[in-house]
Amino acid sequence: MEWSATCATRAYLDTLQLCNNHKREYGSWRMQEPGSNEFVSALAAGMKAKLIVEVTSRASPSTVALAAAARQTGGRLVCILPEPVLDESKDVIRNSGLEDQVEFRTEEPSKLLPYYENIDFSLVDCTYENYARLLNLLDVNPTRSVVVANNLFGDKKGLDLGGYVRRKDEKVAVRSLKHPIGKGMEVTMFSKNDEAEMRLFGVRGHHSRKRNKSKWVAKFDEESGEEHIFRVPQVDLFWN
């Protein structure tokens with residue numbers, strides 16, 4: 001499966017526009033690090049993730065981002081959240097025009113996660129007290145998959161997901177990256193083809209470093225007749 005720069009760029013721009021639209025219409029909502037939502041959307045879409053799972057406390061910009069990625073890949077987002085925020089979360093997704101891409105589940109995450117196998121892309125909100133257990137319950141696609149641990153602030157730490165997965169399949173190569181965008185995020189990638197596969201994610205070697213660049217992208221809105229100009233950063237990932 002090859003990396004799709006086209007899907008990644010479209011998801012990035014889609015997420016940027018949808019989050020900006022929501023902010024203009026409903027005011028500010030709890031935001032992650034600037035650029036983090038576009039980053040995870042582009043990553044999920046670029047790798048053509050079909051099954052995307054998010055464990056979160058409520059629909060947030062990251063939910064919109066992952067749903068936008070699913071729209072590009074023809075996949076689906078399973079969003080696991082508490083029952084009290086279900087209606088509010090459905091409204092956020094419906095108003096973004098992404099309801100066809102999202103399946104909401106409201107049971108206890110630790111009971112639901114074992115039912116989902118070979119997850120291509122997952123994001124866990126680490127504000128959950130038992131986030132460590134939830135991360136270990138993820139059944140990742142060993143061929144190629146990504147796990148994002150979000151909101152790892154304070155004394156919270158990520159997990160050795162590589163050790164956990166290798167116990168199931170010793171041929172899986174694992175790379176982990178802390179703080180790809182700001183702070184509080186850890187990204188772990190899994191692949192059976194090691195470096196050759198990692199390069200499809202845009203991952204460079206241990207000692208390689210290149211200055212980050214950006215480019216300007218024009219998007220024409222057919223309904224309004226307006227042309228929107230976006231600055232799209234090209235993020236290089238460096239592994240420890």
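**Exercise 1. Classify Glu-88 by accessibility, then state how its side chain is paired.**

At 39% relative accessibility, Glu-88 counts as partly exposed, because this class lies between buried (under 20% relative accessible area) and exposed (over 50%), computed with a 1.4 Å probe on protein chains only. The model is predicted: local features need pLDDT of at least 70, side-chain atom pairs count only at pLDDT 80 or more, and totals for chains, interfaces and linings use all residues. Residues are numbered from 1 along each chain as its sequence is written, and side-chain values use heavy atoms, with hydrogens and water left out.

Next, consider the partner. The side chains of Glu-88 and Arg-58 meet in a salt bridge, with an N to O distance of 2.9 Å; the term requires a side-chain nitrogen of Lys or Arg within 4 Å of a carboxyl oxygen of Asp or Glu. Glu-88 belongs to helix α4 (residues 86-95) and Arg-58 to the loop between β1 (51-55) and α3 (61-73), so the pair ties together parts 30 residues apart in sequence. Helices (H or I, at least four residues) and strands (E, at least two) are DSSP runs numbered from the N terminus. Arg-58, at 32% relative accessibility, is also partly exposed.

**Exercise 2. Describe the salt bridge between Asp-91 and Arg-94.**

The N to O distance in this salt bridge is 2.7 Å. Both Asp-91 and Arg-94 lie in helix α4, 3 residues apart, about one turn of the helix. Asp-91 is partly exposed at 37% relative accessibility, and Arg-94 is partly exposed at 45%.

**Exercise 3. Identify the network that contains Arg-105.**

Begin with the pair Arg-105 and Glu-103, a salt bridge whose closest N and O atoms are 3.7 Å apart. Then extend the pair: salt bridges with shared partners join Arg-76, Glu-103, Arg-105 and Glu-107 into one network. Across the whole structure, a search finds 6 salt bridges.

**Exercise 4. Determine the surroundings of Ser-110.**

Ser-110 is located in helix α5 (residues 109-112). With 12% relative accessibility, Ser-110 counts as buried. Leaving aside residues up to four places away in sequence, Ser-110 touches Arg-133, Leu-134 and Leu-137, where contact means heavy atoms within 4.5 Å. The side chains of Ser-110 and Arg-133 are joined by a polar contact of 3.3 Å. Such a contact is a pair of N or O atoms within 3.5 Å; within protein, one must be able to donate a hydrogen and the other to accept it, and residues adjacent in sequence count only if both atoms are side-chain atoms.
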